[in-house]
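Look at the sequence and the structure below before reading on. The report then goes through single residues, whole chains and cores.

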Amino acid sequence: MLQRSLGLIVLLMLGLVLAAEPGQAGGHTLNILDRDASAFNREVRGLLVWVMGFAALVFVVVTGALVYVTVKFRRTGKETGEPEQMHGNDRLEVAWTVIPTVIVLIIFGLTAQSMFKLDRPTPGAMVVEVRGWQFWWDFHYKDYGVRNSNELILPVGKPVRFEITGGDGTNYDVIHSFRITSMVGARDVIPGVVTHIEVTPEKIGTYYGQCVELCGASHANMRFRVKVVPQEEFDRWIEGARAFQAATPTDPTLVRGQELYKQQCAACHAIKGVSQGAPNNPDLTFFGNRTTVGAGMWPNVPEYLEPWIKNAPGMKPGVKMPAFPNLSDEDVKAIAAYLMSHKVEGLDFSKLEKF
Amino acid sequence: MAVATPQSTSRMGFWATVWDLLTTSDHKKVGMIYLVTSFVAFGLSGLMAVAIRWQLAGPERQFLVGDAYNQVLTLHGATMLFFFIIPAGLSGFGNFILPLMLGERDVALPRINAFAAWLFVFSAVLIYTSLFFGGAPDVGWTFYYPFSRTTGLGTDFFMMGVLLVGLSSLLGAANFAATVYNLRAKGMGLWKMPIFVWAIFATSMLSLFALAGITAASLTVLLSRKLGLTLFDPAIGGDPVLFQQFFWFYSHPAVYIMLLPYLGIAAEVASTFSRKPVFGYRFMVFALVGIAVVGFLVWAHHMFTVGESLLFQLVFVFFTVLVAVPTGVKIFNLLGTLWGGQLDFKTPLLFVMGFMFNFLLGGITGVMLAVVPFDYQVQDSYFVVAHFHNVLMAGSGFLAFAGLYYWWPKITGRMYPEFWGRVHFWLFLVGYLITFMPQYVLGFLGMPRRYYTYPDGLYLWNELNFASTVGAIILALGGIAWLIAMVQSFRQNVKAPDNPWGGYTLEWATSSPPPSYNFAVQFPTVFKSERPLYDWEKEGLKPTPVDPATIHLPAPTVWPFMTAVGLLITGIGISLAPDMGNASVGGVPGWGGWLAVGLVLFIYSLFQWALRKEYDHPVVHHTVTGKSNAWVGMAWFIVSEIALFGILIAGYLYLRLTGAAVPPEDHRPALWLALLNTFFLVASSFTVHYAHHDLRTNKFSPFKLGMLISILLGVVFFLFQIWEFAIASGHYVEALNAAGQSEAARKAALWFTAFFLIVGLHGAHVLIGGTGLTLAYAQGLAGKIDNHEQGTLEGSSMYWHLVDAVWLFIVTIFYIW
């Protein structure tokens with residue numbers, strides 16, 4: 001009885017997952033079974049139907065037998081002599097070897113079929129190079145020559161091929177794992193090795209990305225966003241990004257900001273037309289378009305951006321970016337304003353639904 | 001010592017008891033060392049789990065963050081796996097119960113057994129010593145490379161600890177295999193052994209073959225940190241994924257090491273508490289062996305997301321789904337054992353029922369994880385965490401407690417309070433379900449594992465995490481109920497009869513607890529089934545009494561303990577040594593002192609041990625195979641050595657054949673020197689062989705001379721190797737420096753790395769083998785060796801021949817090819 005009711009509770013909780021409503025609690029609704037997000041998810045759902053079907057069968061049979069045994073063969077104290085000393089039953093043994101073998105072979109066959117399907121490369125897919133570092137993400141649109149860190153903008157309905165690696169030939173890091181949670185499975189980031197995964201995003205929205213391989217103190221803080229937008233919005237983004245020229249600032253705050261940026265930040269960070277930086281540090285060229293700061297951690301608003309600039313290690317343990325205690329609050333505001341001034345105009349991601 | 005009266009440790013004072021423990025080789029006391037250590041480890045690690053859940057009870061809590069959290073999760077995993085679930089069933093219950101079930105007085109090699117037990121305890125001490133030197137390891141129990149190369153000193157202690165506990169496991173496994181093979185009551189064929197004995201036997205063979213994987217993984221990480229030697233470094237063309245192949249080659253079979261002994265316990269408990277024989281005995285045995293064999297073919301299902309080819313992945317999917325079949329057979333046979341019985345729902349049986357329900361769920365989710373596209377989505381998520389806790393905690397863990405309550409009367413001589421046993425069980429079952437069922441859902445809702453925190457506002461994360469923490473509190477209460485049950489057992493002191501449950505295997509044929517010599521009877525030599533007490537009762541056969549004064553047991557000796565202490569101190573020294581390429585880590589002042597003291601103590605104790613005869617009275621041993629226990633034990637141990645060289649050489653071959661590692665055109669280690677060395681080593685095998693022959697024909701002087709020559713030939717070999725390495729290291733450094741510019745230099749650097757690693761490991765084995773021969777030589781000089789007691793020589797000469805055979809392989813693949 002206990003076992004059956006517990007089983008019901010489990011099913012109920014699973015039901016909660018399947019019925020996940022978007023946008024509750026103000027945050028993202030992560031759901032790996034989201035059937036609208038990608039064909040990948042639908043493929044997995046299809047497989048799970050079979051597996052859960054067999055699982056339910058096995059579960060019911062074995063649990064039923066357990067319950068029956070508990071009830072029927074309980075020692076009452078009124079027994080006279082020993083129970084029948086059964087040593088075994090060869091036919092039963094064959095049955096409960098062969099039937100499970102058939103079941104698992106069916107599961108194998110269905111899995112193999114799916115794997116072949118998902119492994120086929122899509123011709124004409126847009127290639128995005130992904131690099132994982134402690135504790136941030138780098139994206140490079142190979143076909144367009146555009147680089148952006150921690151946030152990736154993709155057109156809805158177009159296949160993407162992620163080519164994922166760790167390190168850049170000179171600097172190597174540790175293993176991470178790249179996962180756009182509600183959209184497609186994970187793929188490891190391995191120094192010196194290139195892995196890949198393909199997906200066609202089918203639903204417009206902003207997707208929560210996470211690192212899924214223990215990589216250090218801020219493994220939990222190494223997040224990213226993938227913004228799936230209509231084709232024309234993506235076209236505006238990518239054309240704007242390719243054509244981007246860093247404007248010379250005239251506003252005194254921005255001038256001050258640029259001056260400070262060049263002194264304090266330019267050694268590590270890249271902004272197209274302003275600083276080279278180093279390839280193993282985030283690119284800030286389109287910082288003004290970002291909706292998050294600190295690698296997908298906090299909203300990109302002064303309330304979080306300014307403390308981040310001043311003291312990143314205080315917010316994110318183990319982060320490689322140092323603290324700048326010698327910067328005054330006005331200095332920090334200037335740098336923040338300067339960073340926010342770098343963007344492709346005419347894009348607004350604030351209304352995207354969160355998956 | 002001759003046993004005139006039964007031993008009674010309860011009348012000894014505290015210090016006498018301690019000394020007794022330090023000098024014992026009694027399998028029951030050795031089993032107690034493992035049991036106490038492993039259940040204490042469970043409690044300690046359980047508290048860590050509560051700390052983890054406390055941190056995760058709500059979003060963005062600050063109780064345990066960043067590196068501190070990673071340290072706790074690493075220690076939690078490592079402690080539970082290496083120091084609770086593997087040793088409790090295998091070494092704890094295995095040591096206490098196995099000889100009793102076989103009708104024997106002890107295992108094949110009692111003093112090695114004691115040494116392995118202390119080494120086990122000290123390897124745990126070593127890992128926790130890291131807390132005093134800057135912090136515990138924080139790389140996860142899986143210590144993936146390159147992450148494990150970059151972290152603090154805790155990782156060095158961890159690697160060293162894993163190596164030592166691995167050695168302890170190997171010695172224990174060889175011991176059990178030799179015991180099952182060689183020491184059984186007269187008339188007990190292999191097919192008349194209880195299922196628990198088969199389980200231990202299968203697990204021992206699993207361990208001997210599989211441990212090479214984690215030895216290779218931890219050794220290569222340790223050497224990477226200390227000496228900069230690494231096969232996995234992409235900067236010189238190495239492959240980081242190769243680490244994972246090594247690691248999981250052990251760590252998947254390891255989960256069957258964590259299961260099989262417990263399946264044995266389940267069979268015993270199910271049979272006893274239903275008053276029926278085990279259902280389908282032969283199929284139970286085949287299923288155990290099937291799980292062990294197929295379990296070796298599934299390791300890369302832990303690596304589905306690393307980007308291996310489709311074909312590679314398919315092979316592992318196939319075997320992964322297949323291993324569910326023998327596992328299912330075990331559950332069905334357990335059901336068959338219970339079916340039609342007269343079930344007495346005492347605590348041991350409750351835990352077995354709980355196991356069956358929970359393991360069913362865990363097995364199902366395991367098959368789900370074999371569905372690769374789904375695995376891509378839940379790899380390293382809470383779905384996986386829920387799955388492995390399902391099988392390890394609610395599966396094997398429950399059976400560990402089944403075994404504890406089942407054999408508690410036999411081990412402690414007291415009954416336990418049934419009320420508290422039940423409370424413990426129900427709190428654990430309910431607590432387990434509430435802790436881990438929400439975690440399955442969290443996996444579907446995208447929560448990754450090893451995250452010390454999560455943001456507010458993600459759908460249902462707050463609620464599910466909170467529920468899981470509530471479950472952990474319930475589990476903690478269950479732990480308290482367990483402690484109360486144990487304490488009350490001692491306080492109430494209800495004396496246990498010989499056979500409180502009506503069991504039919506031989507451990508129930510003696511007192512609770514058994515006397516030091518186990519049995520003061522000669523058993524009938526007819527074994528009709530695995531339940532001798534049942535069959536003899538039906539046939540009217542009775543054991544014949546034996547006078548305890550005629551029973552001789554091994555003399556107590558402190559040297560196995562001291563040898564283990566020596567290794568602990570040596571391990572601390574190595575852990576503290578400088579880390580090359582990471583100047584801020586390691587090189588703690590005084591490390592050399594630890595190392596020196598440790599080595600001296602180790603060698604001194606080892607020689608004292610060798611010079612201490614095992615028995616004060618000459619004893620004649622009856623063995624099933626006719627070969628000595630030392631011979632059989634070393635033969636099983638050598639399986640593990642072949643596996644170790646095998647796996648490392650396989651890695652080397654992979655790097656060679658894919659063109660990543662290429663020997664340098666010039667400056668490669670000279671072939672002529674290798675051939676000269678071959679002559680020395682092969683010659684020494686001959687001299688050892690003839691010296692051994694001389695001993696067997698009682699020619700003591702030629703024996704000693706032959707040993708001395710063999711040792712000297714080994715020394716010459718070793719000195720030439722040192723010289724060769726000195727030269728080669730210069731060329732290695734040149735290649736490393738040029739690796740950035742020249743592809744040939746990069747490939748040569750990787751080749752040199754493999755060379756130093758494998759040829760160096762062989763050199764270490766020459767050192768070990770030579771030490772073994774020297775021990776036998778010392779015994780010869782001291783007159784402590786003869787035709788009847790020559791275990792050290794039998795073992796060390798076999799080991800020496802292995803070292804020579806491996807050398808021939810090495811010459812071929814490193815010097816000739």
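Between which two helices of chain B is B:Leu460 found? The model shown here is a predicted one. In it, B:Leu460 sits in the loop between helix H16 (418-444) and helix H17 (461-492) of chain B.

## Backbone angles in loops

Most residues other than glycine have a negative phi, and most peptide bonds are trans. A few places in this model depart from that habit.

B:Leu460 is not a glycine, yet its phi is positive, at about 70°. Is B:Leu460 buried or exposed? Its relative accessibility is 16%, and because buried means under 20%, B:Leu460 counts as buried.

B:His667 is another residue of this kind: it has a positive phi of about 65° although it is not a glycine. B:His667 belongs to the loop between helix H21 (629-657) and helix H22 (671-696) of chain B. With 43% relative accessibility, B:His667 counts as partly exposed, since that class covers values from the 20% limit up to 50%.

Two peptide bonds are cis. In chain A, the bond from A:Gln134 to A:Phe135 is cis, with omega near 5°. A:Phe135 is found in the loop between strand S1 (126-133) and strand S2 (136-141) of chain A. In chain B, a cis peptide bond joins B:Tyr145 and B:Pro146, and omega is about 5° there. B:Pro146 lies in the loop between helix H4 (110-129) and helix H5 (147-150) of chain B.

## Two residues in helices

B:Ser218 is part of helix H7 (residues 195-227) of chain B. What is the relative accessible area of B:Ser218? The value is 0%, so B:Ser218 is buried. Leaving aside residues up to four places away in sequence, B:Ser218 touches B:Phe143, B:Met159, B:Val162 and B:Leu163.

B:Gly592 lies in helix H20 (residues 591-610) of chain B. B:Gly592 has 34% relative accessibility and therefore counts as partly exposed. From B:Gly592 to B:Ile572 is 20 residues in sequence and 9.9 Å in space, C-alpha to C-alpha.

## The two chains

The table sets out some values for each chain.

| Property | Chain A | Citation for A | Chain B and its citation |
|---|---|---|---|
| Helices and strands | 8 helices, 12 strands | | 25 helices, 2 strands |
| Span of the C-alpha trace along the principal axes | about 100 × 50 × 40 Å | | about 80 × 75 × 50 Å |
| Buried residues | 52% of 355 residues | | 67% of 817 residues |
| Exposed area | about 15600 Å² | | about 27000 Å² |

Chain B contains 25 helices and 2 strands. Its radius of gyration is 27 Å, close to the 28 Å that the globule rule gives for 817 residues, so chain B is as compact as a globular protein of that length. What is the radius of gyration of chain A? Chain A has 27 Å, but a compact globule of 355 residues would have a value near 20 Å.

Contacts can also be sorted by distance along the sequence. Counting contacts in chain B between residues at least 6 apart in sequence, 84% join residues at least 24 apart. In chain A, 67% of contacts between residues at least 6 apart join residues at least 24 apart.

Carbon and sulfur atoms supply 70% of the area that chain B exposes. For chain A, carbon and sulfur atoms supply 59% of the exposed area.

As for charge, chain A has 35 positive and 36 negative side chains, and the centres of these two sets are 4 Å apart. Chain B has 40 positive and 39 negative side chains, with 10 Å between the centres of the two sets.

## Nonpolar cores

In soluble globular proteins, nonpolar side chains tend to be buried together. Which residues have the most contacts inside the largest nonpolar core of this model? They are A:Phe162, A:Trp237 and B:Phe814, and the core has 377 residues. A second, separate core has 24 residues, among them A:Tyr261, A:Cys265, A:Met321 and A:Ala336.

A:Trp237 can be followed further. Not counting residues up to four places away in sequence, A:Trp237 touches A:Tyr141, A:Val146, A:Asn148, A:Ile153, A:Phe286, A:Asn289, A:Val344 and A:Leu347.

Definitions and conventions. Residues are numbered from 1 along each chain as its sequence is written. Chains are lettered from A and ligands numbered from 1 in the order in which they are written. Side-chain values use heavy atoms; hydrogens and water are left out. A nonpolar core is a set of buried Ala, Val, Leu, Ile, Met, Phe, Trp, Tyr and Cys residues joined through side-chain atoms within 4.5 Å. Buried means under 20% relative accessible area, exposed over 50%, partly exposed in between (1.4 Å probe, protein chains only). Contact means heavy atoms within 4.5 Å. Helices (H or I, at least four residues) and strands (E, at least two) are DSSP runs, numbered from the N terminus. The radius of gyration is taken over C-alpha atoms; the globule rule is 2.2 Å times the number of residues to the power 0.38. Accessible areas come from the Shrake-Rupley method with a 1.4 Å probe; for residues, only the protein chains shown count as cover. Lys and Arg count as positive and Asp and Glu as negative; His and the chain ends are not counted. The place of a charge is taken as NZ of Lys, CZ of Arg, CG of Asp or CD of Glu.
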